Amino acid sequence: MFKRLSSIAVVSLSLIASSALAQPETLSEQELRLISWVDKNQDQILTELKSHVEINTGTANIEGLNLYRDLLSADLAALGFSTETHSSSDIKVLSCKGGSIQIADHLVAKRSGSAKNRVLMNGHMDTVFSKDDEFQTLNIADDGVLKGPGVADMKGGIVIMINALRALHAQGLLDDTNLTVLFNSDEEIGSLGSRQLIEELARQHDIGLVFEGSYNNLATRARKGLGQVRLRVTGRESHAGGAHEEGVSATLELAHKVIEIEKLTDYSRKVTVNTGVLSGGEKRNTVPGCADAYIDMRFPSLEAGQQLEQSVKRIAAAKPVVKNAKYPDLPIVESWAVLHRPVKPENAKVDEIIAQAMALSALIGEPIVGTRYSGGGTDGSIAQGVGLPTMDSLGMDGKGAHSSREESTVQSLIARTKLAAVMLARQLHQ
Ligand SMILES: [Zn+2]
C-alpha cells in the first residue's frame, strides 16, 4: 500500500490548470449539444460496451480480433472515414518450444480536410484474456459497477472513441477535419508488430489522444520505459539416476543467469527487472536439456534502459557456471532483448491537454483530479517517442486490469464519452 501511494504524485488541480488559463471555463452551446447527444444515447452506449467486451480479443485470438476489427471498420466507415488494414509479420520466439506469435491485422481510419490540427486517436483491440479464460462476459450491477475482461483496458476506451465521434458527426463536426483513428491488435504483447505503424502515423500528426483507462481519476503525466528479454539455455539431457554425469543442466545454468539479472533491480534509480516466466526441463528424472525465461525491464530514462539492456546481454554472454568436461561447448546461452516502449517524459503540450481535460471534466462529471507518474507504458509512449505530444489516459477509470477483478463504472463510461467529444471538437477545430 505504502509503495503504491509513494509512486503516485498527485498534482493539485489549480497547479496544473494554471497552465491552461487560455481555456474557456464554460461550455459552448455546441458543446452542450454534444453532451446531450451522449445523454440521449446512454443505453445504446452501455449495450455496445457489453457486446464489445463479449467478443473475445485475446492477442492470440486472430479470429476474434478479425471479427472485432470488421465491426469497428464498419462503424468508422459509417462516419465517413476511409479505412484500411495493416499487417505485421510474425514475431519469432526464443524459447524451448520455439515457434512464433501471429499478430492480427491493425485498422487505420482517416478523414482529411483543411483543418490545421492533425489529430491521431489510438486504441488497442486486444486484451490479455485468452479464448479459454473463464472471464468472458460483462456484468452490469445495479449500482453501475461494470465487471468484465478488458472493460477498462480497453474496450471501454474504444466505445468512448466511437461514440464521441458519432456525437461530433451528428453535428457535422467531423467535416473538413484531419483525423486518424488507429486500432492495433498487439498492445498487450508490447506492440511488437505495430510499433512501426504507430511511429509512422505519429510523425504525420500534431496531437495524440490515447484512450487507455485512468486509475483513481488521475491522468498519467509521465511514464517509465519498458523492455523485454528472452533467454534460452541449451544443455544436454541425460538420465538423472543412471547417467547424471552425462548431463548438462540447462535449468541450473539459467538459474544462475536469472539471479545475476535480478540483481540489476535498483529502486533508488527506479530500475526494475522481473523474471515473470521461467521454465526448464520436462521430467523429474531427466537432467534438463533446455530452459527458458521471459523477463520484464522498467527504467526512467533512455540511458538507464540502454545500460540495463547491455548488462543483461553481458550476463547472458558471460562464461557459464555449469560445466561438464566431456561437453565443453555446453551449455549454450542465447538471448533476445528489445526496449519496446520508450520513456514518456513530461511534456508542456501534454500538460496543456491534461489541464484542459481536468478543467472540462470538472464541469462535465467524474472529474480528473490530478496526475500520476506510471511504471507502465502505452502506445502513447511510442507515439511521443517520435515527437507526437500524446495524452494517454482518456479512457474509463478502472481498477484490477489484467485480472478477473477488472472493473469500471457506467458513470465513468458516460462522463468520459462526453469529455472525449468536447475535447475532440476543440482539438479538431483549433
Ligand atoms: Zn491497455
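## Helix α6 and an unusual peptide bond

Met154 sits in helix α6, which spans residues 151-170. Keep in mind as you look around that this is a predicted model. Met154 is also one partner in a cis peptide bond: the bond joins Asp153 to Met154, and its omega is about -10°.

A second cis bond runs from Leu330 to Pro331, with omega near 0°. Pro331 belongs to the loop between α9 and β16, a strand covering 332-341. These bonds are worth a look, since most peptide bonds are trans.

## How α3 meets α6

Let us stay with α6 and bring in a neighbour. Two packed helices are described by the angle between their axes and the distance between the axes. Helix α3, residues 29-40, packs with α6 at an angle of about 125°, and their axes are 9 Å apart. Angles from 115 to 145 degrees count as oblique, so α3 is oblique to α6. The crossing of α3 past α6 is right-handed.

Which residues make this contact? From α3 come Leu34, Trp37 and Val38, and they meet Asn163, Ala167, Leu168 and Ala170 in α6. Sorted by class, the contact of α3 with α6 holds six nonpolar residues, one polar residue and no charged ones.

## His52, a buried residue beside α6

His52 is found in helix α4, residues 42-53. Is His52 buried or exposed? His52 has 22 other C-beta atoms within 10 Å, so it counts as buried.

Leaving aside residues up to four places away in sequence, His52 touches Lys155, Ile158 and Val159. Here is a nice example of folding bringing distant parts of a chain together: His52 and Gly156 are 104 residues apart along the chain, yet their C-alpha atoms are separated by 8.5 Å.

## The nonpolar cores

In soluble globular proteins, nonpolar side chains tend to be buried together. In this model the largest nonpolar core has 75 residues, and those with the most contacts inside it are Met161, Ala164, Leu168, Val181, Ala357, Ala420 and Ala421. Helix α6 gives this core its largest share, twelve residues. Ala420 shows what such contacts look like: not counting residues up to four places away in sequence, Ala420 touches Ile160, Met161, Ala164 and Leu394.

Another core, of 20 residues, lies apart from the largest one, and its members include Leu226, Leu308, Val312 and Ile315.

## How α8 meets α9

Val312 and Ile315 turn up again where two other helices pack. Helix α8 (residues 250-262) and helix α9 (residues 302-317) are set at an angle of about 155°, with their axes 10 Å apart. The two helices are therefore roughly antiparallel to each other. As with the earlier pair, you can check the handedness: α8 passes α9 in a right-handed crossing.

Lys257, Glu260 and Ile261 in α8 meet Val312, Ile315 and Ala316 in α9. Four residues of this contact are nonpolar, none is polar and two are charged.

## Two loop residues with positive phi

Most residues other than glycine have a negative phi. Asn216 is not a glycine, but its phi is positive, about 55°. Asn216 lies in the loop between β9 (207-210) and β10 (218-223). Because Asn216 has 13 other C-beta atoms within 10 Å, it is partly exposed.

His402 also has a positive phi, near 65°. Where is His402 placed? His402 is in the loop between β18 (390-391) and β19 (407-409). With 14 C-beta neighbours inside 10 Å, His402 counts as partly exposed.

Notes
Residues are numbered from 1 along each chain as its sequence is written. This is a predicted model: local features need pLDDT of at least 70, side-chain atom pairs count only at pLDDT 80 or more; totals for chains, interfaces and linings use all residues. Axes are lines fitted to C-alpha atoms, for helices over the stretch in contact, and angles run from 0 to 180 degrees between N-to-C directions. Helices (H or I, at least four residues) and strands (E, at least two) are DSSP runs, numbered from the N terminus. Angles under 35 degrees count as roughly parallel, over 145 as roughly antiparallel, 65 to 115 as roughly perpendicular and the rest as oblique. A crossing is left-handed if the near helix is turned anticlockwise from the far one by less than a right angle, and right-handed if clockwise. Two residues are in contact if their C-beta atoms, placed from the backbone, lie within 7 Å. Ala, Val, Leu, Ile, Met, Phe, Trp, Tyr, Cys and Pro count as nonpolar, Asp, Glu, Lys and Arg as charged, and the others, Gly among them, as polar. A residue is buried if 20 or more other C-beta atoms lie within 10 Å of its own, exposed if 12 or fewer, and partly exposed in between; C-beta atoms are placed from the backbone. A nonpolar core is a set of buried Ala, Val, Leu, Ile, Met, Phe, Trp, Tyr and Cys residues joined through C-beta atoms within 7 Å.
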